[in-house]
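Work through the two exercises below with the sequence and the 3D structure at hand, and try each task before reading its solution.

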Amino acid sequence: MAEIEKHIEEKDRVVALIRTSRKRLVSHGFKPKVIDFALRLRKDEDDTMIEQRRAEIEVARFLNHPIGTQPELPLVMEDRTPGVDKAFAEGEIAGASGKTCSAPYATASANEQSWIRGWHEGQATITSAFKKLEAKAAAEAEAGADEIDDEDEDVA
């Protein structure tokens, strides 16, 4: 029973962390449906998501919904994003994910340099988040110390 209670407490803590993270994303302007979709995209295979979207369009077309009547775009369109921009975005994701700074591009190439700039940008995001947490913890610790000092003065 104690083990089950321990797991329930852990589950409650994790659920609270998930809710806090979702609320933070919502406060940055993301809708809950968009967050759920992004999580599914990160978890599922591309083929699965493309198949699901095609099935949804087919159902919409069957129901004569406006989604089903739009001209069909090929879901396998050629990505025309410049290579340095792709490299920057990949590096930014790697930096924010805490991965090591080792670009998958040729040494001294423009793509490698862009990837490294993106990686540093991702690291800056993590660093700023830690600084905010440290400042919050320091403020809470200072507030707690003030309360203890107030209690000591009341006793005297």
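**Exercise 1: a pocket and its lining**

In this predicted model, the second largest pocket has a volume of about 230 Å³. Determine which residues line the second largest pocket, and which helix gives the most to the lining.

Solution. Step one is to list the lining, which is made up of Thr20, Arg24, His28, Ala129, Lys132, Leu133 and Lys136. Step two is to place these residues on the helices: helix H1 (2-27) and helix H6 (110-155) each supply at least two residues of the lining, and H6 gives the most, with 4 residues. Step three is to sort the lining by character, and the residues divide into 2 nonpolar, 2 polar and 3 charged.

**Exercise 2: two helices that cross**

Describe how H1 and helix H2 (residues 32-43) cross, and name the residues through which the two helices meet.

Solution. Begin with the axes of H1 and H2, which come within 10 Å and cross at roughly 120 degrees. Angles of 65 to 115 degrees count as roughly perpendicular and those over 145 as roughly antiparallel, and H1 and H2 are therefore oblique to each other. The handedness comes next, and the crossing of H1 and H2 is right-handed. Finally, turn to the contact itself, where Arg22, Leu25 and Val26 in H1 meet Pro32, Ile35, Asp36 and Leu39 in H2. The residues of this contact divide into 5 nonpolar, no polar and 2 charged.

Terms used
Residues are numbered from 1 along each chain as its sequence is written. This is a predicted model: local features need pLDDT of at least 70, side-chain atom pairs count only at pLDDT 80 or more; totals for chains, interfaces and linings use all residues. Side-chain values use heavy atoms; hydrogens and water are left out. On a 1 Å grid over the protein atoms alone, a cavity is a set of points where a 1.4 Å probe fits but cannot get out, and a pocket is an open set with protein on both sides within 12 Å along at least five of seven lines; lining residues have an atom within 4 Å of a point. Grid points are joined across faces, edges and corners, and a volume is the space filled by probe spheres set on the points. Ala, Val, Leu, Ile, Met, Phe, Trp, Tyr, Cys and Pro count as nonpolar, Asp, Glu, Lys and Arg as charged, and the others, Gly among them, as polar. Axes are lines fitted to C-alpha atoms, for helices over the stretch in contact, and angles run from 0 to 180 degrees between N-to-C directions. Angles under 35 degrees count as roughly parallel, over 145 as roughly antiparallel, 65 to 115 as roughly perpendicular and the rest as oblique. A crossing is left-handed if the near helix is turned anticlockwise from the far one by less than a right angle, and right-handed if clockwise. Contact means heavy atoms within 4.5 Å.
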